[in-house]
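User: I want to learn how to read strand pairing and ligand shells in a model. Where should we begin?

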Amino acid sequence: LELEAALRTALVKEEFHLHYQAKLDLKTNRITGVEALLRWEHPGLGPVSPQQFIPLCEENGAIVPIGRWVLKTACKQNVEWQRQGLPPVKMAVNLSARQFSDPDLLNDIHAALNESGMDPTLLELELTESMVMLNPARTIEILTAIKSIGVRTALDDFGVGYSSLAQIKGFPIDTLKVDRSFIRNLPESDQDRAITQAIINMARTLSLQVVAEGVETQAQETYLRDISCDESQGFYFSRPASPEDFATLLKGHG
Ligand code: G
Ligand code: G
Ligand code: MN
Ligand code: NA
């Protein structure tokens, strides 16, 4: 209850900031993208975990204005890195279920792109299976509108939801992010090797890019490169970092 009250004023008090986690292209070993991750620094409590406060925001609807702020801030940051002379990278932003069903979503995306001047083709929105499966017909409408302005979409935490192949193939998405539960026991687990290979094969058939999440070891990265996974994201290459620390990383790997 205390947290909820504090959350109500966190946005105007500027207590939120974003961290950025790199996505590594496994063929070229360059950073090709980054994911924006919301952080809340409460003045009394210190940092509050997103696992704790995002579900609260989702419940009370605060995630809509907060998500709008995330989108704008991430787009501005993307342009700022390029202004500093860094190579362009894709910027991934997580959308919540409430945002995805919000009638203002497309306006918010347009506003964030226009205000920042960001190249729309560098923006990628991360959605979850449960969000897109709620109302498949409406999902296709929204995804088609998003795609028509050049913005990309990714299915986050893929494989733990309940989306069927038949439905996925009808969604105009660009990327699958393999849930980290399938990556954790690579390369040892026979089952998880079979699952990741199956996802990659399926993605090839559907012309989708594949990102592995939660890559924490050299052995995992090497295995994923061997099976032609496109991109890797996880603590092994980089933890979520401040804009300054990400810029330094990008200078070395751009
Ligand atoms: O990175 P991390 O542990 O900090 O994120 C925890 C959870 O919070 C993840 O499921 C992640 O997708 C989610 N998350 C992080 N940032 C955002 C955001 O800006 N919007 C939404 N909706 N979810 C986010
Ligand atoms: O659900 P989503 O994929 O958006 O969640 C992103 C979350 O995953 C963030 O909280 C981020 O800190 C976390 N994360 C990123 N890389 C790793 C990793 O290698 N291992 C673990 N355990 N978590 C990770
Ligand atoms: Mn994500
Ligand atoms: Na994820």
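Analyst: Start with a crossover. This is a predicted model. Strand E8, helix H11 (residues 218-226) and strand E9 form a β-α-β unit, and the unit is right-handed.

User: How many bridges join E8 to E9, and how do the strands run?

Analyst: Count the bridges, then check direction. E8 and E9 (residues 231-232) share 2 bridges and run parallel. One partner pair is Ala212 with Ser232 in E9.

User: Which strand is joined to E8 by 4 bridges?

Analyst: That is E7, residues 175-178. E7 runs parallel to E8, which spans residues 209-212. For a residue pair, look at Lys177: Val211 in E8 stands opposite.

User: Now the ligands. Which residues surround ligand 1?

Analyst: A shell is read from the residues near the molecule. Around ligand 1 these include Leu37, Leu38, Pro50, Gln51, Ile54, Ile63, Gly67 and Val70. Asn94, Ser96 and Pro240 also belong to this shell.

User: Which elements each supply at least two residues of that shell?

Analyst: Strand E2 (31-42), helix H2 (50-60) and helix H3 (63-83) do.

User: How do the residues around ligand 1 divide into nonpolar, polar and charged?

Analyst: Sort each shell residue by class. For ligand 1 the split is 7 nonpolar, 4 polar and no charged.

User: And how many residues surround ligand 2?

Analyst: Ligand 2 has 13 residues around it. The closest are Asn94, Gly214, Glu216, Gly234 and Phe235. By class, the ligand 2 shell holds 4 nonpolar, 4 polar and 5 charged residues.

How values were computed:
Residues numbered from 1 in each chain as written. Chains lettered and ligands numbered in written order. Predicted model: local features only at pLDDT ≥ 70, side-chain atom pairs only at ≥ 80, totals over all residues. Pairing = 2+ DSSP bridges. Right-handed = clockwise from strand over helix to strand, strands pointing away. Near = placed C-beta within 6 Å. Nonpolar A, V, L, I, M, F, W, Y, C, P; charged D, E, K, R; others polar.
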